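Here's a quick look at one chain, starting with a helix and working outwards. Keep the structure open as you read.

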Amino acid sequence: MGSCREYLFNDQVRLKKYFYVLRPLFAIRYVEAGVGIPPIEFRKLVDAVAPAHLKPGTSKLLEIKSRTKELGLGEPAPEIGEFIETELERHGNFFSGEGRLDIHEKTEVIEELNEIFRDCLVQSWSEPT
């Protein structure tokens, strides 16, 4: 959360950093929902799993991104910041260390991730192409 605070919880924020934090948090929610492999397109990810109160703010970010090459600094979005803090707290110690958990000591996490991976494979094989 340290670097997250550095970029997202000031008077002015680097808007691009919202995407860097939101994408993996939404992808986790997508996997948790059991609907398969998260889509790459950010808007599809938002539409699928973002709480309703975040959709206007994420739409505004996407609109700004579509108009400019570099997002630069902007006003913070308190509702997005609150969501990020809540999600990071919800995941607790899983986000410790250098950007990843110490997986070698958490066999239950390995087993759960393997199960999710297998379920995603089975689901993707059963979907029509």
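## Who's buried in α2

In this predicted model, α2 tucks away a fair list of side chains: Leu15, Lys17, Tyr18, Phe19, Val21, Leu22, Leu25, Phe26, Ala27 and Tyr30 are buried. A helix makes 3.6 residues a turn, so residues three or four places apart point the same way.

## The shape of α2

α2 is 18 residues long and covers 26 Å from its first C-alpha to its last, close to the 26 Å expected at 1.5 Å a residue. There is still a kink of about 25° at Leu22, shortly before Pro24. Just after the helix, Gly34 has a positive phi of about 75°.

## The core around it

Which residues have the most contacts inside the largest nonpolar core? They are Tyr18, Leu22, Phe26, Ile80 and Ile84, in a core of 24 residues. Helices α2, α3, α4 and α5 each give two or more residues to it, and α2 gives the most, with eight. In soluble globular proteins, nonpolar side chains tend to be buried together.

Leu22 is worth a click, since the kink sits there too. Setting aside neighbours within four places in sequence, Leu22 is in contact with Phe42, Thr58, Ile80, Phe83 and Ile84. Two of those partners, Ile80 and Ile84, are also on the list of residues with the most contacts inside the core.

## How far to trust it

The mean pLDDT of the chain is 80, with 78% of residues at 70 or more. Among the elements, helix α3 (residues 42-49) has the highest mean, 93, and helix α1 (residues 2-8) the lowest, 53.

Technical notes:
Residues are numbered from 1 along each chain as its sequence is written. Side-chain values use heavy atoms; hydrogens and water are left out. pLDDT is the predictor's confidence in each residue, from 0 to 100. Helices (H or I, at least four residues) and strands (E, at least two) are DSSP runs, numbered from the N terminus. A nonpolar core is a set of buried Ala, Val, Leu, Ile, Met, Phe, Trp, Tyr and Cys residues joined through side-chain atoms within 4.5 Å. Buried means under 20% relative accessible area, exposed over 50%, partly exposed in between (1.4 Å probe, protein chains only). Contact means heavy atoms within 4.5 Å. The expected span of a helix is 1.5 Å times one less than its number of residues. The bend at a residue is the angle between axes fitted to the seven residues ending there and the seven starting there.
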